Amino acid sequence: MGEFKFSDNYGDLCQESGARAGFQFEFYCERCGDRWRSEFVPFRAGQAADWLGRASGFLGGVLGEAASAVDGVSEGAFGVQRDKEFQKAIAGPPPVGV
């Protein structure tokens with residue numbers, strides 16, 4: 001039996017912002033229904049934007065401006081990094097013992 005490639009049989013569990021911002025994908029076999037999740041990879045820019053946004057709610061001012069700047073940067077970087085993490089997830093985990 002040949003190797004199967006994932007195409008439309010996956011779920012995107014990624015979150016762009018918040019404390020749980022990160023990348024994770026769930027793949028499933030269309031024949032047997034088995035599921036496999038990629039390892040969670042944190043998206044630090046999205047997490048930082050969330051933390052600064054919460055802090056600016058209390059402190060405001062300069063911290064609020066910093067939160068807006070970080071949020072803008074994280075939005076731009078999310079799509080690029082998501083695509084890279086998706087390609088890694090498709091490749092699967094490294095072989096045991098490597």
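1. F23 and F78 are both buried in this predicted model. For F78 the relative accessibility is 12%, and F78 counts as buried because the cut-off is under 20%.

2. The model has eight aromatic pairs in total. In one of them, the ring centres of F23 and F78 are 5.2 Å apart and the planes meet at 25 degrees, so this pair is stacked. The label follows because planes under 30 degrees apart count as stacked. F23 belongs to strand β2 (residues 22-23) and F78 to helix α2 (residues 62-91), so the contact ties together parts that lie 55 residues apart in sequence.

3. F78 also forms an aromatic pair with F43. Here the centres are 5.3 Å apart and the angle between the planes is 70 degrees, which makes the pair edge-to-face. This pair, too, links distant parts of the chain: F43 sits in the loop between β5 (41-42) and α1 (44-59), F78 sits in helix α2, and 35 residues separate them. F43 has a relative accessibility of 2% and therefore counts as buried. F78 thus has a stacked partner in F23 and an edge-to-face partner in F43.

4. Which residues make up the aromatic cluster? Y10, F25, F27, W36 and F86 form one cluster. One of its members, F86, has a charged neighbour: R82 lies over the face of its ring, at 5.5 Å from the ring centre. A further arginine, R20, is placed over the face of F40, at 4.6 Å from the ring centre.

5. Three strands form an open sheet in the order β1-β3-β4, with antiparallel pairing. The edges are β1 (10-12) and β4 (35-37); each has a single partner strand, so one side of each is left without a neighbour in the sheet. On average, and with direction ignored, neighbouring strands of this sheet are turned by 20 degrees against each other.

6. How many bridges join β1 to β3? There are three, and β1 and β3 (residues 25-28) run antiparallel. Within β3, F25 stands opposite D12. F25 is also a member of the aromatic cluster described in point 4.

7. A49 is located in helix α1. With 10% relative accessibility, A49 counts as buried. Its C-alpha atom is separated by 7.2 Å from that of S17, although the two residues are 32 residues apart along the chain.

8. A disulfide is a covalent bond between the sulfur atoms of two cysteines. The model contains zero disulfides. C29 is in none; the nearest cysteine sulfur belongs to C32 and is 3.6 Å away. C32 is likewise in no disulfide, and the sulfur of C29 is its nearest cysteine sulfur, at 3.6 Å. Why are C29 and C32 in no disulfide? The sulfur atoms would have to be within 2.5 Å, and 3.6 Å does not meet this limit, so no disulfide is assigned.

9. Are C29 and C32 buried or exposed? C29 is partly exposed, with a relative accessible area of 30%. C32, at 52% relative accessibility, counts as exposed because the cut-off is over 50%.

How values were computed
Residues are numbered from 1 along each chain as its sequence is written. This is a predicted model: local features need pLDDT of at least 70, side-chain atom pairs count only at pLDDT 80 or more; totals for chains, interfaces and linings use all residues. Side-chain values use heavy atoms; hydrogens and water are left out. Rings of Phe, Tyr and Trp (its six-membered ring) pair if their centres lie within 6.5 Å; planes under 30 degrees apart count as stacked, over 60 as edge-to-face and the rest as tilted. Helices (H or I, at least four residues) and strands (E, at least two) are DSSP runs, numbered from the N terminus. Buried means under 20% relative accessible area, exposed over 50%, partly exposed in between (1.4 Å probe, protein chains only). A charge sits over a ring if NZ of Lys or CZ of Arg is within 6 Å of the ring centre and within 35 degrees of the ring normal. Two strands pair if DSSP finds at least two bridges between them. Axes are lines fitted to C-alpha atoms, for helices over the stretch in contact, and angles run from 0 to 180 degrees between N-to-C directions.
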